[in-house]
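Student: Please take one close look at the inner spaces of this model. Then carry on to whatever else deserves a bench biochemist's attention.

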Amino acid sequence: MSTYILGIDVGTTSVKAVLIETGSRAVADSHALPTKSDIIDGSEIKAKEQHTGRIIDTLNRCIGLLPRDKLQHVSSIGLSGQMHGVVFWKGKGGCDWPNKDFSTARDTSQLITWQDGRCSSDFLSSLPKPDSHLSVATGFGCATIFWYMRHRPEFLEVFTVAGTIQDYVVSMLCGLDRCVMTPQNAASWGFFNTSTNQWNIDILKGAGFPLHLLPQCVPSGGLAGQTCSDWHGIPAGTPVGAALGDFQCSVYSCMSARTDAVLNISTSAQLTFAMPADFKPPDSPQLTASISYFPYFEDSYLAVAASLNGGNVLATFVEMLTSWMKELGAELSDSCLYEKLIDSALNQETSDLMVSPTILGERHDPLRLGQVTNISTTNLSLGHLTRALCRGVLDNITSMMPAERLQEAGVTRIVGSGSAIARNEVLRQEVERAFPQLVVYGQNADSAVGVAMVLCDQH
């Protein structure tokens, strides 16, 4: 009888669940659902938060769509999810199990996501210097906790545990009264040394940081515990992996050789390749460098150009047009508008319009904003603008990691992945323009597949 590994990715805009057959590693079934969990709150202009309860409800609905006869033969569960963000909860009180098919969030905060912009450059410069090769940016868990500590300390007093949203789900499934976190997610919070796999305890303690909120670190690929209850037919006592980063799992799902680079464009965008096995990161942050070094598996690292501007830029463009149309008394759904934009750009093969899409800045250049230049009377059509916007997303990520850097690293192939690339033929054309004759597209290249493959390989 076949057994399966359940891979779950709790993303910025959706939850995906996939069942992989343990022997063949073939995808037996999968489902994805949008979370629709963004909190719109005019009182905090730069806040980016999501409703934790809606995310958990979406997760339960997504698992419920998988075949129950297969779920009854799940041998282990792996989770990945959006990095950097933080959710707070009260120990074992962080969820309810009203029946054996689902759990509900309880005594939790909202999820403050990686897109949160409350930590200004001045605020970040007031924080202690981390003992890490990775700098701290707005939206990073430790920076967010420092912000609450200084601006709303009473908020933190209510909670005893903190972690990423995927760490919270692991704690919920296992009934843990604490949070366990892998170096992949800990590094994304800041104030974590990946060489020693330790938090900067002394530095944080000296700054008055609430140390009890720091998760316990366990190896990437290791187990966090076992399910404390039956869950949608999955038996109690099923091993659950410690949560991993969605970026690393996406890479794991499609990087088949050390000479591969991976270009992932989903909500954000990343271009990455594997560093040599003996690579050691620098001792301190390179604040203006566009390339960072993210922990991967077994003490290895990925060189990463991680852009804040990816599919979210295209989504913002669609939202802007929808808003304008409403003001003009016209109505068109986002999906219909998106389809028309893609069609118009496919009919406009080139454009001399120039769009710099960095409306969210970049972590190495947070004050940088977007620009539209070279405007003329002949390039104002939607086709021109959509084509130029897609090209701009590619030009931005390749400016952060130029082709020469990839050649120096011995890269011979670029694997394209991510929801924005999968859904947008214009974006794929621009990828192929940027990297002629180098690009292939990953089959089943996503974080949910990747986290299931990690468990398959490690256990």
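Tutor: A cavity here is a set of grid points where a 1.4 Å probe fits but cannot get out, and a residue lines a cavity if one of its atoms lies within 4 Å of a point. A pocket, by contrast, is an open set of points. Keep in mind that this is a predicted model.

Start with the closed spaces. The structure holds two cavities of 30 Å³ or more. The largest cavity encloses about 50 Å³ of space. Its lining is made up of Leu 314, Phe 317, Val 318, Tyr 338, Leu 341, Ile 342, Thr 386, Leu 389 and Asn 424. Three helices each give two or more residues to that lining: H10 (311-327), H11 (334-346) and H12 (382-400). By class, seven of the lining residues are nonpolar and two are polar, with no charged residue.

Now the second largest cavity. Its volume is about 30 Å³. Glycines feature in its lining: Gly 78, Gly 221, Gly 222 and Gly 241. Ala 242, Leu 244, Val 451, Val 454 and Leu 455 line the second largest cavity as well. Helix H16 (residues 447-458) gives the most to this lining, with three residues. The split is five nonpolar and four polar, and again no charged residue lines this cavity.

Next, an open space. The second largest pocket has a volume of about 420 Å³. Its lining counts 28 residues. Leu 134, Ser 135, Ile 291, Ser 292 and Phe 294 lie nearest the centre of this pocket. Helix H7 (183-189), strand S21 (292-295) and strand S22 (301-307) each give two or more residues to the lining. S21 supplies the largest share, four residues. The pocket lining has 16 nonpolar and 10 polar residues, plus two charged ones.

Burial is worth a look too. Take helix H6 (residues 165-174). 10 of its 10 residues are buried, so H6 is largely enclosed by the rest of the structure. The buried set runs through Ile 165, Gln 166, Asp 167, Tyr 168, Val 169, Val 170, Ser 171, Met 172, Leu 173 and Cys 174. Note that this list includes Asp 167. Just after H6 comes Gly 175, with a positive phi of about 65 degrees.

Finally, a sheet. Three strands form an open sheet in the order S4-S5-S10, with antiparallel pairing. The edges are strand S4 (38-39) and strand S10 (111-112), each pairing on one side only. S4 and strand S5 (residues 49-50) pair in the antiparallel sense over two bridges. In S5, Glu 49 is the bridge partner of Ile 39.

Gln 50 also lies in S5. What is its relative accessible area? The value is 2%, and buried means under 20%, so Gln 50 counts as buried. Its side chain makes a polar contact of 3.1 Å with the side chain of Gln 82. Beyond its neighbours within four places in sequence, Gln 50 is in contact with residues including Ser 37, Asp 38 and Ile 39. Gln 110, Leu 111 and Thr 113 are also among its contacts. Thr 12, Ile 55 and Gln 82 belong to the contact list too.

Methods:
Residues numbered from 1 in each chain as written. Predicted model: local features only at pLDDT ≥ 70, side-chain atom pairs only at ≥ 80, totals over all residues. Heavy atoms only, no water. 1 Å grid on protein atoms, 1.4 Å probe; cavity = no way out; pocket = protein on both sides within 12 Å on 5 of 7 lines; lining within 4 Å. Points joined across faces, edges and corners; volume = space filled by probe spheres on them. Nonpolar A, V, L, I, M, F, W, Y, C, P; charged D, E, K, R; others polar. Buried < 20%, exposed > 50% of the residue type's maximum accessible area, 1.4 Å probe, protein only. Pairing = 2+ DSSP bridges. Polar contact = N/O pair within 3.5 Å; in protein donor to acceptor, adjacent residues only side chain to side chain. Contact = heavy atoms within 4.5 Å.
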